[in-house]
Amino acid sequence: MSSLNRVNESNMKASFLVILAVVTILAPFATANAQTPSGAQNGKKVFEKLGCSRCHGSAGEGMPQTGNGPPKIAATHLSLREFVGSVRDPKGQMPPFGAKQVSDAELSDVYAFLQSIASQPKLELPSSANSDNGKRFYTSFGCYECHGLEGQGSAQTGGARLGPPQIPFSGFAAYARQPTGQMPPYTSKAISDAQLADIYAFLRSLPRASPAKEIPLLNQ
Amino acid sequence: MGPRRKNPVSRRDFLKNAAAGAAVLAAAPAATAKPATLERDTPAIPASPDVEHRPPPAVEILTAERTGSDFMVDVIKSLDIEYVCANPGSSFRGLHESIINYGGNRRPEFITCCHEESSVAMAHGYAKIEGKPLLVMAHGTVGLQHAGMAVYNAYCDRVPIVIIGGNIIDATKRISAVEWAHSVQDAAAPLRDYVKWDDLPISLPHFAESTVRAYKIAMTPPMMPVLLIVDGELQENPTPNDAALQIPKLSSTGPPQGDSGSVAEAARLLVAAENPVLIAGRAARTPAGMIYLMELAEALQIPVIDQMDRMNFPTRHPLNQTERAGELIAGADVILGLEVNDFWGAVHSFRDQMERTSRLVARPDAKSITISAASLFFKSNYQNFQRYPEVDVDIAADAEATLPSLTEAVKRQLNASRKSALADRRVRLAAAHDKALQRARDAAAYAWDACPISTARLAAELWAQIKEEDWSLVSNVALMSRWPVRLWAFENYYHFIGGAGGYGIGYGAPAAAGAALANRKHGRISVNIQCDGDLMYGPGVLWTAAHHRIPLLTIMHNNRGYHQELMQVQIMANRHSRGIDRATIGTTISDPPINYAKLAQSMGVYGDGPISDPKDLGPAIARAIQVVKRGEPALVDVLTQPR
């Protein structure tokens with residue numbers, strides 16, 4: 001007998017909480033690192049645990065190729081003060097991170113880590129990535145169930161919009177392996193790095209939507 | 001007072017005579033209009049041994065002018081119930097016949113249902129629009145068991161329905177093996193956990209009193225279904241001449257209102273709050289509830305998050321901030337919950353991973369206020385009462401009835417400087433509302449031309465066709481990413497009916513038909529966005545809609561699966577890192593694909609589709625609306641994205 005059960009309810013709630021989840025699900029980790037090894041090393045850990053790497057990529061490479069995606073923050077031109085300011089009070093899409101979630105000291109470690117990365121971190125999407133295969137895997141491995149057949153996302157499942165990607169491949173793949181929210185994990189046993197790359201290539205092949213302002217049915 | 005009719009024979013005489021000759025004949029159709037003089041010279045049916053040993057009665061009385069069931073109809077009519085939904089059953093044949101003949105099949109009019117779950121869900125949908133119950137009849141055994149899931153939905157959703165279950169209580173009067181199988185000692189037992197009240201009247205005066213009482217109980221917040229078990233003999237036996245049968249007067253019970261101390265305290269917290277937020281669940285019980293809620297929201301300039309278990313708040317109102325629920329709840333200093341089904345869940349997030357964990361998402365220092373009639377009624381077994389919420393001011397009262405006094409208390413406490421601060425807040429919120437609407441529209445543009453059709457496109461195409469009509473959305477929106485409420489302008493109470501309550505699938509199609517039945521006399525176009533899996537529970541309701549000429553536009557959200565469950569199985573496969581491409585087994589209904597247009601046509605409903613190209617959708621909807629405007633149901637099958 002089929003019925004919407006507990007998980008579905010929490011999924012529905014997730015739809016209310018998507019925005020929030022980005023900010024808060026990561027919070028408990030914030031104070032984890034009491035004894036700092038070296039600044040940059042600790043910074044890398046904080047960077048990953050707080051989910052900065054999801055949007056900005058594991059090497060802070062960002063998505064410079066898309067207009068308003070997460071910028072490259074490796075080897076940033078920003079001063080430490082400007083850097084901390086951008087994290088506490090972001091300009092646009094980025095969720096703010098308050099002092100409760102991450103301390104100034106931790107952010108300075110993150111800054112040290114990002115400054116230690118070469119000024120041109122390379123994108124990690126292998127050139128062999130195949131979007132036709134990716135389209136198949138995207139469907140057969142169930143990504144479409146929560147993210148829609150064209151990666152459009154859903155307010156009900158809480159699945160983020162994936163197509164075309166708003167985050168770099170390194171963050172994309174890392175999230176699929178070890179999600180911090182509701183998404184079920186896809187381990188390397190279940191899906192290979194190459195297959196994830198194919199999926200990313202498929203999502204990258206999708207067109208950007210026309211602006212809603214140009215679609216009459218979306219202005220009624 | 002019910003009308004009294006003269007009766008040719010007293011009950012005692014009737015029984016005496018009947019005992020002699022009718023042991024076998026009782027099974028034969030009893031409702032002939034012939035006079036009571038049917039004599040049998042050549043027995044068509046062999047007489048039972050018992051009959052052979054007794055002298056035959058002079059004249060066997062086989063008919064009666066008036067029976068208990070006629071009086072029962074008088075009682076039902078006194079409650080002004082518009083329809084009775086039922087799948088026919090012998091244990092209430094007396095009542096059935098009295099309704100259509102003695103009662104003239106008017107108020108109540110018999111609605112032929114193809115399943116008891118349909119009967120109850122139709123009454124559920126009707127009550128959501130009309131604010132009052134229908135009558136449902138069912139066998140006390142096989143019928144009520146079929147009805148159970150739908151009754152549970154109505155119970156969770158706090159919807160009034162009056163249910164009558166037939167039964168044959170006297171073991172020596174059960175006609176056949178079938179009737180034995182359809183008789184039960186305590187017929188209400190299986191449903192007792194999820195009806196508000198049940199009774200077993202053993203006389204007609206008892207029936208009258210219990211039926212009026214049942215109606216009153218169902219209609220007192222928190223509203224719920226009620227159940228009467230009515231014996232077949234009580235229905236079918238003649239009414240004695242001298243029976244002093246009286247119908248008690250129905251009076252409505254005033255809904256419970258919040259106590260003045262708590263209301264003043266709630267007002268104080270809300271007026272002083274810098275970032276308050278209001279969460280509405282089943283806040284508006286009636287159209288007035290929506291108005292009261294707007295009055296409170298505007299007095300406080302408080303952002304409203306509408307969970308839409310009812311139509312609470314206009315979607316385009318600048319204070320409607322539903323799309324910003326997460327950030328508003330996280331930042332709120334005072335949270336007001338009005339008839340919120342799961343207040344704990346509104347302020348926590350739950351993470352469904354290997355270890356199930358939850359976290360408070362509201363500020364730990366946030367003050368919370370709840371007003372809910374649910375606090376006045378608890379049962380133990382079924383757990384729909386949700387997790388225990390820690391609340392600062394908990395008002396056990398009906399929210400709608402309490403709102404006017406809360407608004408008054410708020411207004412009394414507002415001084416000029418506070419008012420101007422609130423006016424600033426409104427400006428900020430109005431801007432945020434517009435931004436959120438734009439964000440929703442931008443998101444809707446993704447997969448715009450997709451095949452199967454995106455749920456956003458479906459919603460937008462449908463809106464274009466109905467927005468100039470007097471429309472009513474008679475289905476839920478959760479399973480299509482809530483696009484209608486994100487994109488359409490919902491303004492009137494009847495624009496939306498909320499969800500099932502108990503999340504029991506199979507509710508959608510019949511509830512839509514019931515709501516459309518209520519909408520019919522108002523000339524509204526009822527629109528049902530129908531999930532395929534839900535329709536397959538009881539597609540017979542399409543026939544009911546055709547038979548009773550219920551104008552209902554059904555747009556299939558046909559994603560060819562039990563998609564919620566598909567995701568559940570996917571989650572399990574991922575957790576085990578195995579067979580992540582096999583979650584479709586047991587969760588999809590794609591092979592063979594179901595042709596819903598043909599299904600509809602087979603039951604006399606206009607059917608079009610399947611439509612998979614978004615360009616074809618608008619014209620198909622327009623054609624179907626023409627059918628609905630003629631007063632008939634129509635269905636358009638649309639192949640859709642999962643969510």
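## Inside and outside chain B

Setting aside residues up to four places away in sequence, B:Asn384 touches B:Tyr152, B:Tyr155, B:Cys156 and B:Asn341. This is a predicted model, by the way, so everything here is read off computed coordinates. You'll find B:Asn384 in the loop between β12 (367-371) and β13 (393-395) of chain B. Is this loop residue buried or exposed? Its relative accessibility is 19%, and because buried means under 20%, B:Asn384 counts as buried.

Now for the nonpolar interior. As a rule, nonpolar side chains in soluble globular proteins tend to be buried together. Here, the largest nonpolar core has 61 residues. Those with the most contacts inside it are B:Met122, B:Val151, B:Ile161, B:Leu227, B:Leu535, B:Leu542 and B:Leu635. Which domains feed this core? Domain 2 (68-236) and domain 4 (445-639) of chain B each supply at least three residues. There's also a second, separate core, with 47 residues, B:Met308, B:Ala445, B:Trp488 and B:Ile525 among them.

Zoom in on B:Val151 from the 61-residue core. Skip its neighbours within four places in sequence, and B:Val151 is in contact with B:Val120, B:Ile163, B:Leu191, B:Tyr194, B:Val195 and B:Pro225.

Not every nonpolar side chain is tucked away, though: B:Ile169, B:Leu200 and B:Ile202 form a nonpolar patch on the surface. Together they have about 280 Å² of accessible area. Look for B:Ile169 in the loop between β4 (161-167) and α7 (177-181) of chain B. With a relative accessible area of 36%, B:Ile169 is partly exposed, since that class runs between the 20% and 50% cut-offs.

Terms used: Residues numbered from 1 in each chain as written. Chains lettered and ligands numbered in written order. Predicted model: local features only at pLDDT ≥ 70, side-chain atom pairs only at ≥ 80, totals over all residues. Heavy atoms only, no water. Patch = residues over 30% accessible without salt bridge, like charges linked within 9 Å, V, L, I, M, F, W, Y side chains within 5 Å. Areas by Shrake-Rupley, 256 points an atom, 1.4 Å probe, with all protein chains shown as cover. Salt bridge = Lys/Arg side-chain N within 4 Å of Asp/Glu carboxyl O. Helix = DSSP H or I, 4+ residues; strand = E, 2+ residues; numbered from the N terminus. Buried < 20%, exposed > 50% of the residue type's maximum accessible area, 1.4 Å probe, protein only. Contact = heavy atoms within 4.5 Å. Core = buried A, V, L, I, M, F, W, Y, C linked by side-chain atoms within 4.5 Å. Domains from an automatic or database assignment.
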